Amino acid sequence: ADINNKGDRTHYLRGIHDPAAGAFTPVGAQESHAVAGLSRANALARLESGASAAAGATVHVLPLA
């Protein structure tokens, strides 16, 4: 999925990281109050302020486990 950060600070997007496939897929709503997606996530993708990444682009991923 395409991801965008139109804000003025770094965002950490919740998602599922599949290292074997080299893929990260955002899950659930990304708002701070929406924790259901966080319960399914195994990683966070870091997206700098004003940045965007098209589907298939390389992003910095932080594993949660």
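Here is a walk through this predicted model, from its nonpolar core out to a few charged side chains.

Let's start inside. The largest nonpolar core is made up of 7 residues: Ile-3, Leu-13, Phe-24, Ala-43, Ala-45, Leu-47 and Ala-53. Strand 4, which runs over residues 43–47, is the top contributor here, giving 3 residues to this core. As a general backdrop, nonpolar side chains in soluble globular proteins tend to be buried together.

Ala-45 is a handy place to stand and look around. Leaving aside residues up to four places away in sequence, Ala-45 touches His-11, Tyr-12, Leu-13, Phe-24, Val-59, His-60 and Val-61. Two of those partners, Leu-13 and Phe-24, are core members along with Ala-45.

Now follow the contact to Val-59. You'll find Val-59 in the loop between strand 5 (52–53) and strand 6 (60–63). With the same sequence neighbours left out, Val-59 touches Ile-3, Ala-45 and Ala-53, and each of these three belongs to the largest core. So why isn't Val-59 itself counted as buried? Its relative accessibility is 24%, and buried means under 20%, so Val-59 goes down as partly exposed.

From Val-59 it's a short hop to some charge. The C-alpha atoms of Val-59 and Arg-46 are separated by 7.0 Å, though the two residues sit 13 apart along the chain. Arg-46 pairs with Glu-48 in a salt bridge, their closest N and O atoms being 2.6 Å apart. The structure holds just that 1 salt bridge. Both partners count as partly exposed: Arg-46 because its relative accessibility is 33%, and Glu-48 because its relative accessible area is 39%.

Arg-14 tells another story. This arginine is in strand 2, residues 11–18. Arg-14 is buried, yet has no salt bridge. What is the nearest side chain of opposite charge? That would be Glu-31, 6.3 Å away, and a salt bridge needs a nitrogen and a carboxyl oxygen within 4 Å. What Arg-14 does have is a backbone partner: a polar atom of its side chain lies 3.1 Å from the backbone oxygen of Ala-34.

Last stop, still on strand 2: Asp-18 is found there too. Asp-18 is partly exposed, because its relative accessible area comes to 37%. To tie this back to where we stood earlier, the C-alpha atoms of Asp-18 and Ala-45 are 12 Å apart, with their positions 27 residues apart along the chain.

Notes
Residues numbered from 1 in each chain as written. Predicted model: local features only at pLDDT ≥ 70, side-chain atom pairs only at ≥ 80, totals over all residues. Heavy atoms only, no water. Core = buried A, V, L, I, M, F, W, Y, C linked by side-chain atoms within 4.5 Å. Buried < 20%, exposed > 50% of the residue type's maximum accessible area, 1.4 Å probe, protein only. Helix = DSSP H or I, 4+ residues; strand = E, 2+ residues; numbered from the N terminus. Contact = heavy atoms within 4.5 Å. Lys, Arg positive; Asp, Glu negative; His and termini not counted. Polar contact = N/O pair within 3.5 Å; in protein donor to acceptor, adjacent residues only side chain to side chain.
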